[in-house]
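Morning, everyone. I have one protein to walk through today. Please have a look at it on the screen.

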Amino acid sequence: MLAPAETVLITTEETSLSVGDVISMSVHNLISFVSSYRPWWSEFLAFGSIDRPTSFSSAASRAKLNLCHFVVNYFLLTAALVTLFLIGDPVALLTLASFAVMWMLLYFFRDHPLVLYGRHISDRVIFVGLIIGSLWALWFINCLQSLVLGIVTSFLLCLVHAVVRNLDDLFVQEKDVVIPSNYLHWS
């Protein structure tokens, strides 16, 4: 995140940025983040790489590595399942979607300070405002049961995938990459 408001120097170019400019840059940052960190769905859904783990420690190490490798895929799957669970209540779906978009654009993927009417809005104010707004929205729309069911279902589905997805074609293991010491390494 950005440094506290007391230490941020705002250039004249940044003060001329409108809220729309900051949001468009945030959207660009979000798209580049998702496209660079998300493994392809063909790798995620490789049915040839699914098998049962041999032990609990094997399952735990698979889950740990797969959860780290496919974190963006799991997040997108969670968002899709929560959307499916909230499809029966369109007001709740639109409200939660709008707050998710606000969190992503105004807090997570923003790289310039937010300036409204020539005044810098600190990250702390944005964070507290988004927390209060999100909690108020959850209380107001009364969809906590559907939201929890969607999150728990997606958590279980992601955990099952992380345990049964074989690691053989994901990473190059360090023990497989051995450079003999008697060869010259030209860099």
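I'll go from the overall fold to the annotated spans, then to the surface, one residue pair and the cysteines.

Keep in mind that this is a predicted model.

Start with the fold. The protein has 187 residues. Its secondary structure comes to eight helices and two strands. What is the order along the sequence? Six α come one after another, then β-β, then α-α to finish.

Now the contacts. Take those in the protein with a separation of 6 or more. Of these, 84% join residues 24 or more positions apart.

Next, the annotation. An unreviewed UniProt entry marks "transmembrane region" at residues 65–85, 91–109, 121–141 and 147–164. Let me take two of these spans. Residues 91–109 are 95% helix, with 0% strand. Their end C-alpha atoms lie 26 Å apart. Residues 121–141 are 90% helix and 5% strand. Here the end C-alpha atoms are 28 Å from each other.

On to the surface. How much of the protein is buried? Buried residues make up 30% of the chain's 187. The accessible surface is about 13,000 Å². Carbon and sulfur atoms account for 69% of that area.

There is a nonpolar patch on this surface, of about 610 Å². Its members are Leu67, Leu144, Val148, Val152, Phe155, Leu156 and Leu159. Which helix gives the most to the patch? Helix H8, residues 144–164, with six residues. Val152 sits in helix H8. Is Val152 buried, exposed or partly exposed? Val152 counts as partly exposed, because its relative accessibility is 43%, and that class runs between 20% and 50%.

Now a pair that is far apart in sequence. Val27 belongs to helix H2, residues 19–37. Leu106 is 79 residues away along the chain. The C-alpha atoms of Val27 and Leu106 are separated by 9.9 Å. Val27 itself is partly exposed, with a relative accessible area of 32%.

Last, the cysteines. A disulfide is a covalent bond between the sulfur atoms of two cysteines. How many disulfides does the model have? The count is zero, using a cut-off of 2.5 Å between the sulfur atoms. Two cysteines to look at are Cys143 and Cys158. Cys143 has a relative accessible area of 5%, so it is buried. Cys158 comes to 6%, so Cys158 is buried too. The cut-off for buried is under 20%.

That's my tour. Over to you for discussion.

Note on methods
Residues numbered from 1 in each chain as written. Predicted model: local features only at pLDDT ≥ 70, side-chain atom pairs only at ≥ 80, totals over all residues. Heavy atoms only, no water. UniProt positions renumbered as here; feature names shortened; annotations may be inferred. Helix = DSSP H or I, 4+ residues; strand = E, 2+ residues; numbered from the N terminus. Buried < 20%, exposed > 50% of the residue type's maximum accessible area, 1.4 Å probe, protein only. Contact = heavy atoms within 4.5 Å. Areas by Shrake-Rupley, 256 points an atom, 1.4 Å probe, with all protein chains shown as cover. Patch = residues over 30% accessible without salt bridge, like charges linked within 9 Å, V, L, I, M, F, W, Y side chains within 5 Å. Salt bridge = Lys/Arg side-chain N within 4 Å of Asp/Glu carboxyl O.
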